[in-house]
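Please read the following note with the sequence and the model open beside it. The points are arranged by topic and may be checked one at a time.

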Amino acid sequence: MKKINTVAVVLKSINYRDSDKIYTLLSKDLGKIPAIARGVRKISSRRAGNLDTLNLVKVGLSEGLGGMRQIDEVSGLNSFRKLKSDYSLSTKCSYVVELLHKTTEESGNSEDAFELLVKFLKIASRFPENIDLAVRFFELHYLALMGYGLNTETCLKCKKFLKETGPQIYLDAGHGGFVCVDCSHTGLGFSVQAVDTLRELSGNKLSKSTEKILKELNTITSALIDEHFSIRIKSRELL
């Protein structure tokens, strides 16, 4: 029976039969996979706590009956406890996990997505006061991973540098960029400062932002996600 060890983040779980659970894992080596843990719902099980949603774990897997992978061993690497103990933080992390889960194919090459999710969880855990900015960071980089990168440098039409235009620039979600005020435009208008912040996030720089800027960033990334993925994300309604 083929066995493999890998590192993964637990995305979700469902009860199965009397004492088992089926987990969805985003693993570094195998992508997004389902795996069953036998007897994990028994009171005597020592594995259940390590397999909580959001946990970063090391797992030993084997091929079970019907091709379903089976979790034979698990050890916790990071439980991100701080993110689970606060309702607002846990809800925003649940949104990120749901977005990733619903837009990632099973068994695909997801190493970059895995690394991005772990990076987000570590940032959010270390700087919980900046959770909203961390979520925008994840969304922006995840969109780029999925082939929907955002041009925050120049106007899509005249190629003028956006930071030299103003006072507003306009989002063209379908073409992944912005149009300056001097060009023919439609749609939602945003401040140059908001797009400057997006540019910083693209360069892995997270700076404290005002509530106004954070609201603009949320509107921008939500529009891009709706444009490219066309899915309903239930946890977004709780944000």
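The numbered points below discuss a predicted model.

1. The nonpolar cores. The largest nonpolar core of the model has 55 residues, and those with the most contacts inside it are L117, F120, L121, F138 and F178. Eight elements each supply at least two residues of this core: the strands β1 (3–16), β6 and β7, and the helices α2 (87–103), α3 (111–126), α4, α5 and α6. L117 may serve as an example of the contacts: leaving aside neighbours within four places in sequence, L117 is in contact with V9, L11, L26, V96, L100 and F138. A second core, separate from the largest one, has 15 residues, including V10, I33, A37 and L61.

2. Helix α5. Which residues of α5 are buried? In this helix, which covers residues 192–202, they are V192, A194, V195, T197, L198, R199 and L201. The student may compare this list with a general rule. An α-helix has 3.6 residues a turn, so residues three or four places apart point the same way. The buried residues of α5 pack against two helices, α4 (131–145) and α6 (211–229), and against the strands β6 (168–172), β7 (177–180) and β8 (189–191). After α5 comes N204, which has a positive phi near 65°.

3. The packing of α4 on α5. The axes of α4 and α5 are 9 Å apart, and the two helices pack at an angle of about 70°. Angles of 65 to 115 degrees count as roughly perpendicular, and α4 is therefore roughly perpendicular to α5. On the α4 side the contact is made by L133, R136, F137, L140 and H141, and on the α5 side by T197, L198, L201 and S202. By type, the residues of this contact are five nonpolar, three polar and one charged.

4. The aromatic residues. How many aromatic pairs does a search of the whole structure find? The search finds four. In one pair, the ring centres of Y148 and F229 are 5.7 Å apart and the ring planes stand at 80°, so the pair is edge-to-face. This pair links distant parts of the chain, since Y148 lies in the loop between α4 and β6 whereas F229 lies in helix α6, 81 residues apart. Is each partner buried or exposed? Y148 counts as partly exposed because its relative accessibility is 30%, while F229, with a relative accessible area of 13%, is buried. Ring pairs also join Y148 and F229 into a cluster with F120, F138 and Y142.

5. Residue T154. The loop between α4 and β6 also contains T154. The cut-off for a buried residue is under 20% relative accessible area, so T154, at 17% relative accessibility, counts as buried. Not counting residues up to four places away in sequence, T154 touches K159, K160, F161, L162 and F178. T154 and S125 are 29 residues apart in sequence, and their C-alpha atoms are 34 Å apart in space.

6. Residue K92. Helix α2 contains K92. Is this lysine buried or exposed? K92 counts as buried because its relative accessibility is 16%. Its contacts, not counting residues up to four places away in sequence, are with I131, D132, V135 and L239.

Terms used
Residues are numbered from 1 along each chain as its sequence is written. This is a predicted model: local features need pLDDT of at least 70, side-chain atom pairs count only at pLDDT 80 or more; totals for chains, interfaces and linings use all residues. Side-chain values use heavy atoms; hydrogens and water are left out. Buried means under 20% relative accessible area, exposed over 50%, partly exposed in between (1.4 Å probe, protein chains only). Helices (H or I, at least four residues) and strands (E, at least two) are DSSP runs, numbered from the N terminus. Contact means heavy atoms within 4.5 Å. Rings of Phe, Tyr and Trp (its six-membered ring) pair if their centres lie within 6.5 Å; planes under 30 degrees apart count as stacked, over 60 as edge-to-face and the rest as tilted. Axes are lines fitted to C-alpha atoms, for helices over the stretch in contact, and angles run from 0 to 180 degrees between N-to-C directions. Angles under 35 degrees count as roughly parallel, over 145 as roughly antiparallel, 65 to 115 as roughly perpendicular and the rest as oblique. Ala, Val, Leu, Ile, Met, Phe, Trp, Tyr, Cys and Pro count as nonpolar, Asp, Glu, Lys and Arg as charged, and the others, Gly among them, as polar. A nonpolar core is a set of buried Ala, Val, Leu, Ile, Met, Phe, Trp, Tyr and Cys residues joined through side-chain atoms within 4.5 Å.
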